[in-house]
Amino acid sequence: MDAVEGNFLVMQFRFNKKSSSIIAGWVLHVFFAFSTSVGVATEVTGEIVDTSTGRLTAARLYIQDNAGNWFFPESTDAKGSAIPYKKQRPNSPSVEMHTTVSAHPFRVQLPPGNYVFTVERGKEYFTSTNRVTIKGDRQKIRLLVQRWIDMSKQGWYSGDTHLHRSGEEMANVLLAEDINVGFPLHYWVTKAFEPPVGGDKSVGEKYGPNAVYVDRTHVFYPRNTEYEIFSVGGKPHTLGAVFVLNHKSVLSQGVPPVTPIAELARREGALLELDKHNWEWSMAIVPVMGVDLFELSNNHIWRTEFAFGGWGVRGGDYMGMPPKGQALTERQWIDYGFRNYYALLNCGFRMRPTGGTANGVHPVPAGFGRVYVQVRGEFSYEAWLRGLDAGRSFVTTGPMLFVEVNRKSPGHIFSAEGLEPIQAAVTGKVASEFPVSKVELVLNGDVVPVPLPATRKLANGSYETEFRASLRVDNSSWLAVRCFEPRGRRERFAHTGPFHFNVFGKPLRPKRAEVEFLIKRVQDEIDRSRTVVPSEALKEYEFALEVYRRIAATAR
């Protein structure tokens, strides 16, 4: 039916008193159809208000109609900002369509109809879902978001160490997602030997090696580099990715080899981060570069549907992963990361966990997976970075996980010089939007379930679960805690940084299956790269292989 036919039908029905209900339905239907067909829309202005303060707040906003169409507002204030984000994986339901809006009113043109306005702000606010009927020439709406926890009041501040956003966008994104510390990777190279300063995906930055404060507790450091190598000598040959965070000079050297980059990072106080463990070179560069950080919540973990069923490099058989040729589920991908991380910890590589999203590239909000760092004293970028490096942290996609062992925070190193074992008293609490299903201790990679008391629902609608456990630590070991929060058919998780125990004369020993997996990873990389990468890079791989072989001699 076109608009003219619709008008004619309205005129015919107007005089039929016996069909008043039919008339009303047809008039409404035809009006909406006519309005949409000729482009008539309602100007909707809105505000997002934090219920705890009564003030406007920055947030992430989704607007969708009943047909599944997305709409993107703009700011009404000259000082405000509204940045649309439109990402979808090809041939998949993995979609991220939102706008990050500043703490100012917004407006959007919407055809009459029914809409869902969804507001989220990082991890410390409940999701606000609002069903709105749009009609008339102008309409105002007020969207409320409720904070369920304030982490900064407890000395914890969040970060995303893997962002692909311009410096001009960072203030908007950090505030909308309530990320305290962000690391945009402004230098990004995907070709071997090419310097990042002229990298094929580098955008450069105008800020220099200085932290840029958006406000007192939101800051970004602009000089960070990603080496993500997909080709060598102009031919496809994936190596992998490593980040250099917080460096001072603009890096002018390509990879491989990687040792010069590691040496420069150390001189400049930078941290090295392993992006994804399943890259081909990843297990080799850990001992070669002395990588600091393991991205435990990485850029394949999204708010939308999981889309990376492919393996990259397969997990070891001991991990209980599906066979070759079978796609991974989201939970299997998470478990693969956990088990790979545990293998490295058992080999003595005290990597600290972190969280990054690759927001700007993938269909995921910034900070969906993030790391919380305990800051002692007043917040500053430098204090936060020290806490991250010390391992006083937990990674989360949802729940907040507070754990102490013998009243010490994650990252603490306990030492026993005598013959007596260390008694580890674990105390903890999980705060979450939904009840957690389980809390687990992880001792040297072995999972120990923790009996949970009844979860309490707090007055603000969130949940709290306290737990206690006691362990006797006889040998040098590490201990972490993790928890899971069901969200329908999916789960959110949190995972602490490890506590370490040094017991004199009783060294940490890896499991044989773990170190054999790491040896195979490096040997496979040597075999596939022997005629591709330069001799200096092969020597690095061979060094890594020798390191793992020496560790294997101590395996249990």
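A salt bridge is taken here as a side-chain nitrogen of Lys or Arg within 4 Å of a carboxyl oxygen of Asp or Glu. By this criterion, a search of the whole structure, a predicted model, returns 29 salt bridges.

One of these pairs Lys 206 with Glu 168. Their closest N and O atoms lie 3.3 Å apart. The bridge ties together distant parts of the chain, with the two positions 38 residues apart in numbering. Lys 206 sits in the loop between strand 14 (187-191) and strand 15 (212-215). Glu 168 belongs to helix 3 (residues 167-177). Exposed means over 50% relative accessible area. Lys 206 has 64% and is therefore exposed. Glu 168 has 54%, so this residue is exposed too.

A second bridge joins Asp 446 to Lys 511. Here the closest N and O atoms are 2.5 Å apart. This pair also links distant parts of the chain, 65 residues apart. Asp 446 is in strand 28 (residues 446-449). Lys 511 is in the loop between strand 33 (499-503) and helix 8 (512-529). Asp 446 has a relative accessibility of 36% and counts as partly exposed. Lys 511, at 22%, is likewise partly exposed.

Helix 8 carries a bridge within its own length. Lys 520 pairs with Asp 524, with the closest N and O atoms 2.8 Å apart. Both residues lie in helix 8 and are four residues apart, about one turn of the helix. Asp 524 is partly exposed, with a relative accessible area of 36%. Elsewhere, salt bridges with shared partners connect Arg 60, Glu 120, Glu 177 and Arg 303 into one network.

Helix 8 also packs against another helix. The axes of helix 6 (residues 330-346) and helix 8 come within 9 Å and cross at roughly 100 degrees. Angles of 65 to 115 degrees count as roughly perpendicular, so helix 6 is roughly perpendicular to helix 8. Helix 6 contributes Tyr 336, Asn 340, Tyr 342, Ala 343, Leu 344 and Asn 346 to the contact. Helix 8 contributes Glu 514, Phe 517, Leu 518 and Arg 521. Of the residues in this contact, six are nonpolar, two are polar and two are charged.

Strand 14, which flanks the loop of Lys 206, is also part of a sheet. This open sheet has six strands in the order 14-17-18-19-20-21, and the pairing is mixed. Strand 14 and strand 21 (352-355) are the edge strands. Each has a single partner strand, so one side of each lacks a neighbour in the sheet. On average, neighbouring strands are turned by 30 degrees against each other, direction ignored.

Within the sheet, strand 18 (residues 235-245) and strand 19 (residues 271-274) run antiparallel. Four bridges join them. Val 244 stands opposite Leu 272 of strand 19.

Two helices lie across strands of this sheet. Helix 4 (residues 259-267) crosses strand 17 (225-232), strand 18 and strand 19. The angle between helix 4 and strand 19 is about 135 degrees. Helix 7 (residues 381-390) lies across strand 19, strand 20 (293-297) and strand 21. Helix 7 runs at about 125 degrees to strand 21.

Notes
Residues are numbered from 1 along each chain as its sequence is written. This is a predicted model: local features need pLDDT of at least 70, side-chain atom pairs count only at pLDDT 80 or more; totals for chains, interfaces and linings use all residues. Side-chain values use heavy atoms; hydrogens and water are left out. Buried means under 20% relative accessible area, exposed over 50%, partly exposed in between (1.4 Å probe, protein chains only). Axes are lines fitted to C-alpha atoms, for helices over the stretch in contact, and angles run from 0 to 180 degrees between N-to-C directions. Angles under 35 degrees count as roughly parallel, over 145 as roughly antiparallel, 65 to 115 as roughly perpendicular and the rest as oblique. Contact means heavy atoms within 4.5 Å. Ala, Val, Leu, Ile, Met, Phe, Trp, Tyr, Cys and Pro count as nonpolar, Asp, Glu, Lys and Arg as charged, and the others, Gly among them, as polar. Two strands pair if DSSP finds at least two bridges between them.
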